[in-house]
Amino acid sequence: MTIRKVLTTPDKKLRSRSRELTMPEMKSAKTKELITDIYETLNDGEYGVGMSAIQVGEPLAITVVMIRPTPNRPNLNYYNQVYFNLKILKTFGEKKPMWEGCCSVLDDNGNLLYAKVPRYERIKVKYCNEIGEICTATVDGFLAHVLQHEIDHINGILFTDLIPITNIVSQEEYRKAQKSGY
Ligand SMILES: [Zn+2]
């Protein structure tokens, strides 16, 4: 088990498109080790609720979701899931702006940056689970939000690509906005 270095912008690797895993790769010891490392890396910080393999430098379509209460969202319920080859099959309704940050997008002092990013409130996804079973699921709320952010990572997209640069705020400004109910 190793806490990995999280790549941050402008690292070009974050822009790579991750490739899908084969069934034997999903079950390999090497993949299991990488997943354990991603969990450890997420646990090492207090804000992250999801991380894709490219964020630790591996261009593979692996996403680990570890929803938990965070300083910004203290009321979240715990939810862990590994997603291989995650993709959106269908979206429902219109996009709605939702606050998000990313462990790979920091300011010069190493603090997370935030913005309200348009995301679908409900999506249907396809993926393979940790034991390689092909699954589909319709998810909504915060999990739908997190999965859209992670699918973007798999495709080399960061949340800062989806909004005007002037909409990006510091942690402090984000907290103020939250308190004022924005
Ligand atoms: Zn991210």
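**Exercise 1. The zinc site**

In which helix do H149 and H153 lie, and how many residues apart are they? Then describe the site that they belong to.

*Solution.* This is a predicted model, in which local features need pLDDT of at least 70 and side-chain atom pairs count only at pLDDT 80 or more, while totals for chains, interfaces and linings use all residues. Residues are numbered from 1 along each chain as its sequence is written, and side-chain values use heavy atoms, with hydrogens and water left out.

Step 1. Both histidines are in helix α3 (residues 141-154), four residues apart, which is about one turn of the helix. Helices here are DSSP runs of H or I with at least four residues, strands are runs of E with at least two, and both are numbered from the N terminus.

Step 2. An α-helix has 3.6 residues a turn, so residues three or four places apart point the same way.

Step 3. The zinc ion is coordinated by SG of C102 together with NE2 of H149 and NE2 of H153, at 2.1 to 2.3 Å. A donor is an N, O or S atom within 2.8 Å of the metal (3.2 Å for Na, K and Ca); water is not among the atoms, so sites may look incomplete.

Step 4. Along the sequence, the spacing of the donor residues is C-x46-H-x3-H.

Step 5. H149 has a relative accessible area of 9% and H153 one of 1%. Buried means under 20% relative accessible area, exposed over 50%, and partly exposed in between, with a 1.4 Å probe and protein chains only. H149 is therefore buried, and H153 is therefore buried.

**Exercise 2. The cavity**

Find how many cavities of 30 Å³ or more there are, and state what lines the largest cavity.

*Solution.* Step 1. The search uses a 1 Å grid over the protein atoms alone: a cavity is a set of points where a 1.4 Å probe fits but cannot get out, and lining residues have an atom within 4 Å of a point. Points are joined across faces, edges and corners, and a volume is the space filled by probe spheres set on the points.

Step 2. The count is one cavity of 30 Å³ or more. The largest cavity holds about 310 Å³ of space. It is lined by 23 residues, of which Y47, V49, R73, G101 and C102 are the closest to its centre.

Step 3. At least two lining residues come from each of β3, β4 and α3. The largest share, six residues, is supplied by α3.

**Exercise 3. The strands**

Work out how β2, β3, β4 and β5 are paired.

*Solution.* Step 1. Two strands pair if DSSP finds at least two bridges between them.

Step 2. Strand β2 (residues 62-67) runs antiparallel to β3, joined by six bridges. V64 has V82 in β3 as its bridge partner.

Step 3. β3 and β4 are also antiparallel, over 14 bridges; P97 is partnered by P118 in β4. Their hairpin has five residues between the strands, and G110 takes a positive phi near 85°.

Step 4. Strand β4 (residues 112-128) pairs with strand β5 (residues 134-140) in the antiparallel sense, over seven bridges. Here K126 has T136 in β5 as its bridge partner. This hairpin, with five residues between β4 and β5, has G132 in its turn, with a positive phi of about 85°.

**Exercise 4. Two sides of a helix**

Which residues of helix α4 are buried, and which are exposed on the other side?

*Solution.* Step 1. In α4 (residues 171-179), the buried residues include Q171, Y174 and A177. They cover an arc of only 120° around the axis, so they are on the same side of α4. The arc is that of the directions from the helix axis to the C-beta atoms.

Step 2. E172, K176 and K179 are exposed on the other side of α4.

Step 3. The buried residues of α4 pack against β3, β4 and β6 (169-170), with contact meaning heavy atoms within 4.5 Å.

**Exercise 5. Unusual backbone**

What is the sign of phi at N85, and which residues does a cis peptide bond join?

*Solution.* Step 1. Most residues other than glycine have a negative phi, and most peptide bonds are trans.

Step 2. N85, in strand β3 (residues 79-106), has a positive phi near 50°. N85 is buried, at 9% relative accessible area.

Step 3. T9 and P10 are joined by a cis peptide bond, with omega about 5°. P10 is in the segment before α1 (23-26).

Conventions: 1 Å grid on protein atoms, 1.4 Å probe; cavity = no way out; pocket = protein on both sides within 12 Å on 5 of 7 lines; lining within 4 Å.
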